[in-house]
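Work through the exercises below with the sequence and the model open. Each task is followed by a solution in steps.

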Amino acid sequence: MSIPITKKKHNFFAGPAILPATVLKQASAAIENFSNMGLSILEISHRSKQFVEVVEEAISLTKELLDLDDNYEVLFLTGGASSQFYMAPMNLLPQDGTVCYINTGTWSDKAIKEAKLFGNVNVLASSKESNYTSIPKDYEVPTDATYIHMTSNNTVFGTQHHSFPETNVPIVCDMSSDIFSRPIDVSKFGLIYCGAQKNMGPAGVTLIIVNKDLLGKSGRPIPTMLDYNTHITKGSMFNTPPTFPIFVSMLTMRWVKENGGVAAMALKNEAKAKLLYDEIDANPMFEGTTHIEDRSLMNVTFKMKNTEKETAFLEACANADCVGLKGHRSVGGFRASIYNAMPIESVQVLVDVMKDFANKNT
Ligand SMILES: *Cc1c(COP(=O)(O)O)cnc(C)c1O
């Protein structure tokens, strides 16, 4: 028996976050009967032919969507993006090596803390002083750095790197909240990682894309489970992988492909973000919280000029079925997360609430 959803909400949560409606439908069906096996996707072996096909398709879709060449390996691991904060330096950084960081927010800050356990950390640039309202651009990457770490999109503060530095030093990038949202020149990146639960699937799996030329050079012993080479050799099946999150991520990647790939996603994401930022800039009651040129297309942060009306505005949003808009506690105000799966119609509903609220309150 399936329980009908009487009224689906407009989901602006930052993560776990919205997934395409068709993906949820396919995932629900597979929970009851996967691939006509007479079994649920939740109760089959990760080594069954049917599940091995899921992982293989997830890997090949990742390679296709991001145009990866054969130097790159694709892994699906557990531990969240947060585990990559230490796993990346543990695997890539020799004890006497130096890693550079661009500190653009909470997540970069956490990554920096972990890297200090493994080698020298050089924070090249930071926007911490201005509570991360912008992306620093005035820095040069030292040519002898082992790698440079960046956080492409700052989920909490609503800023995004719209370009990456010109350097021969490999970039290691936390793309948790904007993977598959736009085309990227992968050749610049030595390692990309992302927790699935923002823009590619449910919580529980982390996608890792690594250039295998960078591995095996740290000179330190690495526990088996934390060694990228273990998971490369075993095709992400050294231990039981998170089967259901991988399956739903694979369905989401199929959806991205069917909807024109990352270039088409980028066009839609730009249109959605423009619609909302234009309203923030035009509406007398609201203002953006970040530098205009660094605004994120994924997480739109804004606040009220008169903060006393914030609760009333959130109520107006809830009455229009718009949920998940309360800003992160470190920023306040509001945050509208408008990932790939968010339809422009939902953004329009939010914009209409903002217009209506201003009309009634000014
Ligand atoms: C959410 C988030 C993380 C943390 O991911 P977990 O999977 O919870 O460890 C890291 N980086 C960024 C940019 C995020 O948005």
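**Exercise 1. Find which helix gives the most to the shell around the ligand, then describe the shell.**

Solution. In this predicted model, helix 3 (residues 80–92) contributes the most, with four residues. Next, sort the shell by residue class: three residues are nonpolar, eight are polar and two are charged. Finally, pick out those that come nearest: of the 13 residues around the ligand, these are Ser-82, Thr-155, Asp-174, Gln-197 and Lys-198.

**Exercise 2. List distances from ligand oxygen atoms to polar atoms of Ala-81, Ser-82 and Lys-198, and state how much of the ligand's accessible area the protein covers.**

Solution. Start with the backbone: a polar backbone atom of Ala-81 lies 3.1 Å from an oxygen atom of the ligand. Then turn to the side chains. For Ser-82, the distance between a side-chain N or O atom and a ligand oxygen is 2.6 Å. For Lys-198, a side-chain N or O atom is likewise 2.6 Å from an oxygen of the ligand. The cut-off for a polar contact is 3.5 Å. As for coverage, the ligand on its own has 390 Å² of accessible area, and the protein covers 87% of that.

**Exercise 3. Determine whether the two faces of strand 8 are buried or exposed, and identify its pairing with strands 5 and 9.**

Solution. Side chains of a regular strand alternate between the two faces of the sheet. Strand 8 (residues 171–174) has Ile-171 and Cys-173 on one side, with Val-172 and Asp-174 on the other. These residues are all buried, and both faces of the strand are covered.

For the pairing, take strand 5 (residues 147–151) to begin with: it is parallel to strand 8, over four bridges. Here Thr-151 stands opposite Asp-174, a residue also listed among those nearest the ligand. Strand 9 (residues 189–195) also runs parallel to strand 8 and is joined to it by four bridges. In that pair, Cys-173 is opposite Ile-192.

**Exercise 4. How many disulfides does the structure hold, and why does Cys-100 form no bond with the closest cysteine?**

Solution. The count is zero. A disulfide requires two cysteine sulfur atoms within 2.5 Å. The sulfur closest to that of Cys-100 belongs to Cys-173 and is 15 Å away, so the two are too far apart for a bond. Cys-317 is in no disulfide either: its nearest cysteine sulfur, in Cys-322, is at 5.7 Å.

To finish, check burial, for which the cut-off is under 20% relative accessible area. Cys-100 has 1% relative accessibility and therefore counts as buried. Cys-317, at 1%, is also classed as buried.

How values were computed
Residues numbered from 1 in each chain as written. Predicted model: local features only at pLDDT ≥ 70, side-chain atom pairs only at ≥ 80, totals over all residues. Heavy atoms only, no water. Near = heavy atom within 4 Å. Polar contact = N/O pair within 3.5 Å; in protein donor to acceptor, adjacent residues only side chain to side chain. Areas by Shrake-Rupley, 256 points an atom, 1.4 Å probe, with all protein chains shown as cover. Nonpolar A, V, L, I, M, F, W, Y, C, P; charged D, E, K, R; others polar. Buried < 20%, exposed > 50% of the residue type's maximum accessible area, 1.4 Å probe, protein only. Pairing = 2+ DSSP bridges.
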